[in-house]
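Visitor: I have a model open on my screen and I'd like to learn how to read it. Could you walk me through some features, one at a time?

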Amino acid sequence: MSTSTPLGERTERMAELARHGDIEGLADEVVAYAAAGNEHGRRGGRTVTNALGLVAAGRGAELLMAVLERCCLVTDNEQRRVVNELLEALVQPYSTSPTPDAAAVALAFAARHTAYFGGDEQRHMAELLLAAGRPVPLEVVAMMRRTVAHGYWGSPGALKPFLAKLDAPALNPGEMWADRALADVGSLDPAEAARWHALFRHAATATSARPAQKWETAGRELLDGLTEPGDRLRSWLTLVGRPRTIRLNRTQWEHDVNETFDQYNATALRGLVWLVSFLPDHPETSRVLGALVETALRKVAGVGPRNPKIANAAVYALSRVPSEDALAQIARLATRVTFKGTLKELNAALDARAAALDLSRDEVEELAVPAYGLTEVGRRVEHFGDVSATVDATSGTVVVTWRNSAGKVVKSVPASVRSGHPEELAEFRAAVKDLEKMLSAQVERLDRQFLAERVWPFDAWRARYLDHPLVGTLARRLIWLVDDVSCAYDDGVLRTAGGDEVTAGGTVRLWHPIGREVAEVLAWRTWLEARQVTQPFKQAHREVYLLTAAEENTRVYSNRYAAHVLRQHQFHALAAARGWRNRLRLMVDDTYPPATRDLPRWGLRAEFWIEGAGEDWAADATESGAYLRIATDQVRFYPASAPEHHAHAGGGGYEQWVHQDEQPTDPLPLAEIPPLVLSEILRDVDLFVGVASVGNDPTWQDGGPDGRFREYWASYSFGELSGTAQTRREMLERLVPRLAIADRAKVEGRFLVVRGDLRTYKIHLGSGNILMSPNDQYLCIVPKQSVGSPTGDLFLPFEGDRVLAVILSKALMLAKDTQITDRTITQQLRL
């Protein structure tokens, strides 16, 4: 119903629904009215409560819960506040009535929240139930436990002795894994069920960061008394993080509690994770624990990682499992995890394993990569009776091809495999997923080797990289230096760009274009294109950032990427993925260090100075107070031991905090920074700006909030090209002649110019934004989240440049502008 509906009509509508006993319809009307903002103020509030008073006796509780169900789905913060105020009024008669019936309603209502009412109130109502011979529902017990666990609700201490007297299972319902555990145990014979409940109670005492010896001993004894506990524990752990089975209502300023873990259950969950590591090793254990780390670190708005303590517990459990699979999971996670606390645990686990094996950390990471059943580089053939499945990862993408008993390729898994080999099929699918995850992790690890300057003995490198069943799929698409001779894999052997065979050598390093002759770099680009080799990341086409005249003048800092406006959360994620330390800036009176990348191999630290952008809480911050956008400033380098800088969240200048008797450490001259380090750090910053800039957003032509960023958006969207965009330009100059629209497209300056039948279009090579002839009219096209393969079979020599894919996708569409059917685009073309 429209928010402009007259008050009288609303009153009549709600009253009519109440008289007819249409509880569901009345609940819809009430919530819609309240969520619309209650434009009629207090009089409107009375209208709602008056209409509710017409509900037949005995159905008030039904209406309360119906309204609550709808309130759980409200996402807007202000609407949620209004509806929650209404709920508070509706539940008040039940929470103040001294009858067991009213207490049962109030507690059922409270159970749909993290916590509700004070501890004394909860206990009083629960005692009314017990005095009447009624049990306290487990959902209510769960809410009471959450009240105690959170500690900030009124008098939670009053609940502790009361809860101790209740004979309730040690797990809260409402989470899928806990529900399954309670259901599975409930189906067992009483003696076995009692032993499982004893294990749950023990798990719920896992309140420390590590299991004490006494705790472990007791846990092992409880496990010994159970029949095959491993399968049950693993099956429950796979359900962690699934959507809640009992959805909770959020209070006004509460984060999305349905996306986080039940705080009480989390302690028991940590205990169960530890207990899994005490059992005999099983192939599935490491896989389940590795997935649990990622699930627990999935971010929730206003909270951050869901539950780091569960992630850390899973890492600890993996470190206790003495298998190659567990080591592989730790090594994989160490390349993917960005949360500082858990990454520290992963690094400690790898360092401990390296010390135990008397190997370096790098060697352990290399040896930890499994083959996942690949019998040759990038290939595996699995037989299920007379049906076969071929896994091919040689191109960097894992492709599974099924062949039936006649050897014919089929699109899906044959029915004979699903029915006759279900367990083998499940294991095969899990292995393929693990292979995909590890392949992605190895791409990131190898990309970081440029700054590490890792050097391998030739034979060890060949075994761990070139001929490794999984890593070889990446290594054979990269360029290497064997005793400073650049070479790559070609038709079974290593060859130089000129075709000379390289059979052996002393040492091997990853090739980087910086410091190499231009002719050599161009030769390798030609070599890749001639052989249709797509590199897993930019290497031959990698951007090189040399010191500019402006940076020679500023001497100790670079302003090359200053004065940009970035989306803070996207920047934060990118920075973490590239190995930078950064903290999300809140719109508060606090100080923050700059985004920092530690360079221990060089004894250096790189700093990227940033600050929060904006002052309007509603327009410039999230509900949790984090800035939506940041402004960029200088890039500087310091010795690794130099004190860190700090600046106010909203700006005001960075300064080092040192003792009054000490002097601040000066920044290092850029000319003294090794060229490789300078280039890679500036390349990272270019990536941050190129991906996270608000200038990339095609919908920001109006300049964002109050038009404040209109000038920046225009200057970035169609301005000078960055280093990455220059590489994109060079790539397009080679690609365009091969496109089906080659006669309609050409690269001109900063643009890819495309001639359609209706207009001519200029696609900016940095932002991907578009101007149309004749008056450089802006054309807004919002790309899909996944561009897919816009170029069809057209070869690209490297992976990972999404903007290039977007530009090509737009060019192919606009060249046939008369065939466009999307109204949001066609309306702009006709203007």
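Visitor: Let's start inside. Which residues line the second largest cavity?

Guide: Before we look, keep in mind that this is a predicted model. A cavity is a space where a probe fits but cannot get out. Here the second largest cavity is lined by Ala111, Glu139, Ala142, Arg146, Pro173, Gly174, Arg244, Ile246 and Leu248. It holds about 30 Å³ of space, and its lining splits into 5 nonpolar, 1 polar and 3 charged residues.

Visitor: How many cavities of 30 Å³ or more does a search of the whole structure find?

Guide: The search turns up 2. The largest cavity has about 80 Å³ of space. It is lined by 13 residues, and the closest to its centre are Glu175, Gly241, Arg242, Thr260 and Phe261. By class, that lining has 5 nonpolar, 3 polar and 5 charged residues.

Visitor: Now a single residue. Is arginine 477 buried or exposed?

Guide: The idea is to look at relative accessible area, where buried means under 20%. Arginine 477 counts as buried because its relative accessibility is 8%. You'll find arginine 477 in the loop between helix H24 (472–475) and strand E8 (479–482).

Visitor: What does the side chain of arginine 477 reach?

Guide: It reaches the backbone oxygen of serine 395, at 3.4 Å. For the wider surroundings, skip residues up to four places away in sequence: arginine 477 then touches Thr394, Ser395, Gly396, Val533, Thr534, Gln535, Pro536 and Glu799.

Visitor: Where is threonine 496 found?

Guide: Try the loop between strand E10 (493–495) and strand E11 (501–502). Threonine 496 has a relative accessible area of 13%, so it is buried. Setting aside neighbours within four places in sequence, threonine 496 is in contact with Val485, Ser486, Cys487, Val502, Trp524 and Trp527.

Visitor: And leucine 359, how should I class that one?

Guide: Between the buried and exposed cut-offs, which are under 20% and over 50%, a residue is called partly exposed. Leucine 359 is partly exposed because its relative accessible area is 29%. Leucine 359 sits in the loop between helix H18 (340–357) and helix H19 (361–367). Leaving out neighbours within four places, its contacts are Ala354, Val364 and Leu367.

Visitor: What separates the C-alpha atoms of leucine 359 and tryptophan 700?

Guide: For a pair like that, read the separation in sequence and the one in space side by side. Leucine 359 and tryptophan 700 are 341 residues apart along the chain, and their C-alpha atoms are separated by 53 Å. Now try alanine 647 and proline 593: they are 54 residues apart along the chain, with 6.5 Å between their C-alpha atoms.

Visitor: What surrounds alanine 647, and where does it lie?

Guide: Alanine 647 lies in strand E18 (residues 645–648). Not counting residues up to four places away in sequence, alanine 647 touches Asp590, Thr591, Tyr592, Gly653 and Tyr654. Its relative accessible area is 5%, so alanine 647 is buried.

Visitor: On to strands. Which side chains of strand E12 point to which face?

Guide: When you read a strand, follow its side chains one by one. In E12 (residues 507–510) they alternate: Val508 and Leu510 point to one face and are buried, while Thr507 and Arg509 point to the other and are not.

Visitor: Which strands pair with E12?

Guide: Strand pairing is read from bridges. Strand E7 (residues 456–457) pairs with E12 in the antiparallel sense over 2 bridges, with proline 457 opposite threonine 507. E8 and E12 also run antiparallel, joined by 3 bridges, and valine 482 has valine 508 as its bridge partner.

Visitor: How many residues of strand E21 are buried?

Guide: In E21 (residues 751–755), 4 of the 5 residues are buried, leaving the strand mostly covered. Strand E20 (residues 745–748) runs antiparallel to E21 through 4 bridges, and glutamate 748 stands opposite phenylalanine 751. The hairpin of E20 and E21 has 2 residues between the strands, and glycine 749 takes a positive phi near 60° there.

Visitor: What joins E21 to E22?

Guide: A hairpin links E21 to E22 through 4 residues. The strands run antiparallel with 5 bridges, E22 covering residues 760–764. Look for valine 754 opposite tyrosine 761 in E22.

Key:
Residues are numbered from 1 along each chain as its sequence is written. This is a predicted model: local features need pLDDT of at least 70, side-chain atom pairs count only at pLDDT 80 or more; totals for chains, interfaces and linings use all residues. Side-chain values use heavy atoms; hydrogens and water are left out. On a 1 Å grid over the protein atoms alone, a cavity is a set of points where a 1.4 Å probe fits but cannot get out, and a pocket is an open set with protein on both sides within 12 Å along at least five of seven lines; lining residues have an atom within 4 Å of a point. Grid points are joined across faces, edges and corners, and a volume is the space filled by probe spheres set on the points. Ala, Val, Leu, Ile, Met, Phe, Trp, Tyr, Cys and Pro count as nonpolar, Asp, Glu, Lys and Arg as charged, and the others, Gly among them, as polar. Buried means under 20% relative accessible area, exposed over 50%, partly exposed in between (1.4 Å probe, protein chains only). A polar contact is a pair of N or O atoms within 3.5 Å; within protein, one must be able to donate a hydrogen and the other to accept it, and residues adjacent in sequence count only if both atoms are side-chain atoms. Contact means heavy atoms within 4.5 Å. Two strands pair if DSSP finds at least two bridges between them.
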